[in-house]
Amino acid sequence: MQLLKKHPAISEETFLERIDAKKDSFYRVAYSYTRHREDALDVVSESVCKAYTHLHHLKDPDSFYPWFYRILSNTALTFVKRHRRFASLEDWDESVTPMEQTAEILAMREELARLEQKYREVLILKFNQDLTFREIAELTGKNENTVKTIYYHALELLRERMNPHETTE
């Protein structure tokens with residue numbers, strides 16, 4: 001495959017190994033944006049192609065995953081904007097686990113979907129992908145302290161929306 005014009009920071013074999021190692025994680029991120037199985041798979045496939053063809057732009061092999069997650073997030077956002085598809089309760093896959101069928105989880109998802117994109121993105125990357133604040137900052141291009149502020153503000157918004165009658169002391 002002669003798609004790589006310059007020498008990449010990692011080999012083609014390493015690229016494929018890293019993609020394979022986190023393919024489920026990549027799918028979950030894409031699904032969190034699209035809320036449709038086939039669309040999420042399309043987004044992951046498109047992201048892998050983009051990453052492969054731009055592999056020569058990766059300068060540090062240790063930053064592969066933040067670099068790829070940024071490509072994945074940007075691809076997913078472009079997809080959602082292009083298709084004007086917004087998450088709703090009807091879009092969720094209710095067959096994932098029995099626990100996800102509870103009213104509390106559905107309410108949480110609904111409130112998460114209602115959050116502004118910047119809040120939703122940070123929460124998804126923190127909880128679903130178990131990324132550190134530093135990795136999220138690299139991925140989103142934001143300052144690490146800004147990411148922390150967004151994260152804690154998003155949690156407070158969710159807490160208020162999920163428990164509107166509770167008072168904080």
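These are legends for four close-up views of a predicted model.

As for ground rules, this is a predicted model, where local features need pLDDT of at least 70, side-chain atom pairs count only at pLDDT 80 or more, and totals for chains, interfaces and linings use all residues. Residues are numbered from 1 along each chain as its sequence is written, and side-chain values use heavy atoms, with hydrogens and water left out.

**View 1. The whole fold is built from eight helices and zero strands.** Going along the sequence, the pattern reads α-α-α-α-α-α-α-α. Helices (H or I, at least four residues) and strands (E, at least two) are DSSP runs, numbered from the N terminus. The protein has 169 residues, and 37% of them count as buried; that word means under 20% relative accessible area, with a 1.4 Å probe and protein chains only. Take the contacts (heavy atoms within 4.5 Å) between residues at least 6 apart in sequence: 63% of these join residues at least 24 apart. Accessible surface adds up to about 10600 Å², and carbon and sulfur atoms own 51% of that; the areas come from the Shrake-Rupley method with a 1.4 Å probe.

**View 2. Helix 2 covers residues 23-34.** Its 12 residues should span 16 Å at 1.5 Å a residue, and the end C-alpha atoms are indeed 16 Å apart. That expected span is 1.5 Å times one less than the number of residues. Buried residues here include Phe26, Val29, Tyr31 and Tyr33. What covers the buried part of helix 2? Among the cover are helix 1 (12-21), helix 3 (37-53), helix 4 (64-83) and helix 6 (117-127). Right after helix 2 comes arginine 35, with a positive phi near 60°.

**View 3. Helix 3 crosses helix 4.** Their axes come within 9 Å and cross at roughly 130°, which makes helix 3 oblique to helix 4. The axes are lines fitted to C-alpha atoms, for helices over the stretch in contact, and angles run from 0 to 180 degrees between N-to-C directions. Oblique is whatever is left once you take out under 35 degrees (roughly parallel), over 145 (roughly antiparallel) and 65 to 115 (roughly perpendicular). Residues meeting at this crossing include Val43, Val44 and Val48 from helix 3, and Trp67, Phe68 and Phe79 from helix 4.

**View 4. Serine 73 sits in helix 4.** Is serine 73 buried or exposed? Buried, with a relative accessible area of 2%. Leaving aside residues up to four places away in sequence, serine 73 touches Tyr33, Glu121 and Leu139.

Key
Buried < 20%, exposed > 50% of the residue type's maximum accessible area, 1.4 Å probe, protein only.
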